[in-house]
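Got your viewer open? Load the model, pick a plain cartoon view and keep the selection box handy.

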Amino acid sequence: MAEEQPLYLVGYPEMDPVTDAAPIGDYDTGYSATPRLKERTTGAWLTGDDPEERQFMHIGPVELSHGGRIPNVQIAYETWGELNEDASNAILLCHALTGDSHASSKDGKSGWWHEIVGPGLAIDTNKYFVVCPNVLGGCQGTTGPASFAPDGERWGPRFPQITIRDMCRAEARMAKQLGIKKWHLIAGASFGGNRVMEWAATFPEMTGAIAVLVSGPASTAEQIAYAHLQKLAIMHDPMWRGGNYYDAGPGQGPTAGLGLARQIAHLTYRCPEEMAVRFGRTPQRGENPRFGGRYAVESYLDYHAYKLIGRFDANSYLTINQAFITHDIGYERGGIDKVLESLTMPALVVEVDSDRLFYPEDMKKLAEALPGSGELKTVRSAHGHDGFLIENDQVSTILREFLHKIGDA
């Protein structure tokens, strides 16, 4: 018997091709949510679950920026294409905040960039060896709070605070085991683009070129404020239990808080114009907002909460979110400007014209500050920050042109 689905936005005319009405085009993740919450308190991938197309690598202990270490780190990752003889054709993809390693499926039909990564596509896997790891602290196969600590219990709230710098160090260890001394290109958007910038600052000798889409060298005050609200949403959920919820039983996890965090975040991923055009003040079908029902836009946000809790872990969200809050490539390096001046590798900087999380004016400043950057490239979208996941034709053209510019591997 098929799992019963909750009622969300349906039948709103005229439907946009990327609307979240059923059937849903899922643009914010690689792997889809599974009904794990009927069996446990977290949507994390756990040992024993179907690995699907994930590969796993043990990289040993990782020393952390703020002290301490994580022993026996496992990285979940996926690859496409073949590494050439001199290992010069490798591209690293960095996923967004709640993303995963599944940029594209082997059959090319799913994944968060499946229309961009693949044979003959912009990131051509007939030519390049493409690697996408799940980030350290994540919950889709890489060591994080839902993983087992050395004492045999789940890390939970004991998982140490990590930084984007730590994430990049773990990925550098992965690269070494793969036989990669230098990436031809490191590319990412949003939180993934923040990792791209940290990669370039921490390992310039391993970074051939960078593609930074709707990202920045440090988190802004406004971004920190939004992230703070997301953190509080989870921590104020009584079911969070200070992070000790893994043994609480099915349905007893902090899903309400995690869902609310996602709704807060999702508002920053879209834009006011889209909300006005798609939803306006239209009620959800079959509901009356004046008598306890919802408007369509409320249903839309509820649906995004529902999607996330089925594939993510609240403690992992807190861990990655805090790394986003503290992101600063200039920390202990003499400041952001000094670091940016030193990043002389070829650089691509991309804005989305309707973005209200990484504003176009900030992307322009970044392009001007990076010595290796050419003209700022613009993605035109009615969907805000998420344009980097939606406007695949435009993103493909931009990436294809940049890869041609920096030359074949």
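This tour goes from the annotated site to the core and ends on some strands. Keep in mind that you're looking at a predicted model.

**Stop 1: the annotated site.** Select Ser190, Asp355 and His385, which an unreviewed UniProt entry annotates as "active site". They're spread over 196 residues of sequence, yet they cluster in space, with a largest C-alpha distance of 10.7 Å. Of these residues, Ser190 is included in the lining of the second largest cavity.

Zoom in on Ser190. You'll find it in the loop between strand S7 (185–189) and helix H2 (191–202). Is Ser190 buried or exposed? Its relative accessibility is 8%, so it counts as buried, the cut-off being under 20%. Show what's around it: beyond residues up to four places away in sequence, Ser190 touches Ala96, Leu213, Val214, Ser215, Phe358, His385 and Phe388.

Now hop over to His385, in the loop between strand S10 (377–379) and helix H10 (387–390). His385 is buried too, because its relative accessible area is just 1%. Draw a distance between the side chains of His385 and Ser190: there's a polar contact at 2.8 Å. With neighbours within four places in sequence left aside, the contacts of His385 also include Asp355, Thr268, Tyr269 and Val352.

**Stop 2: the core.** Next, select Leu93, Trp113, Ile123 and Trp183. These have the most contacts inside the largest nonpolar core, a set of 111 residues. Colour helix H1 (residues 164–178) as well, since you'll want to see the biggest contributor: eight residues of this core come from there, the largest share. There's also a second, separate core of five residues, with Met275, Phe279, Ala296 and Leu301 among them.

Go back to Trp113 and show its surroundings. Setting aside neighbours within four places in sequence, Trp113 contacts Leu93 and Ile123, as well as residues including Leu213, Phe388, Leu389 and Asn392. Leu213 and Phe388 were on the contact list of Ser190 as well.

**Stop 3: the strands.** Select strand S2 (residues 69–80), where nine of the twelve residues are buried. On one side, look for S1 (residues 55–63), which runs antiparallel to S2 and is joined to it by seven bridges. Val62 has Ile70 in S2 as its bridge partner. Five residues sit between the two strands of this hairpin, and Gly67 takes a positive phi near 95°.

Finally, add S6 (residues 129–133), which pairs antiparallel with S2 over four bridges. Pick Tyr77 and you'll see Pro133 of S6 standing opposite.

Note on methods: Residues numbered from 1 in each chain as written. Predicted model: local features only at pLDDT ≥ 70, side-chain atom pairs only at ≥ 80, totals over all residues. Heavy atoms only, no water. Core = buried A, V, L, I, M, F, W, Y, C linked by side-chain atoms within 4.5 Å. Buried < 20%, exposed > 50% of the residue type's maximum accessible area, 1.4 Å probe, protein only. Contact = heavy atoms within 4.5 Å. Pairing = 2+ DSSP bridges. UniProt positions renumbered as here; feature names shortened; annotations may be inferred. 1 Å grid on protein atoms, 1.4 Å probe; cavity = no way out; pocket = protein on both sides within 12 Å on 5 of 7 lines; lining within 4 Å. Polar contact = N/O pair within 3.5 Å; in protein donor to acceptor, adjacent residues only side chain to side chain.
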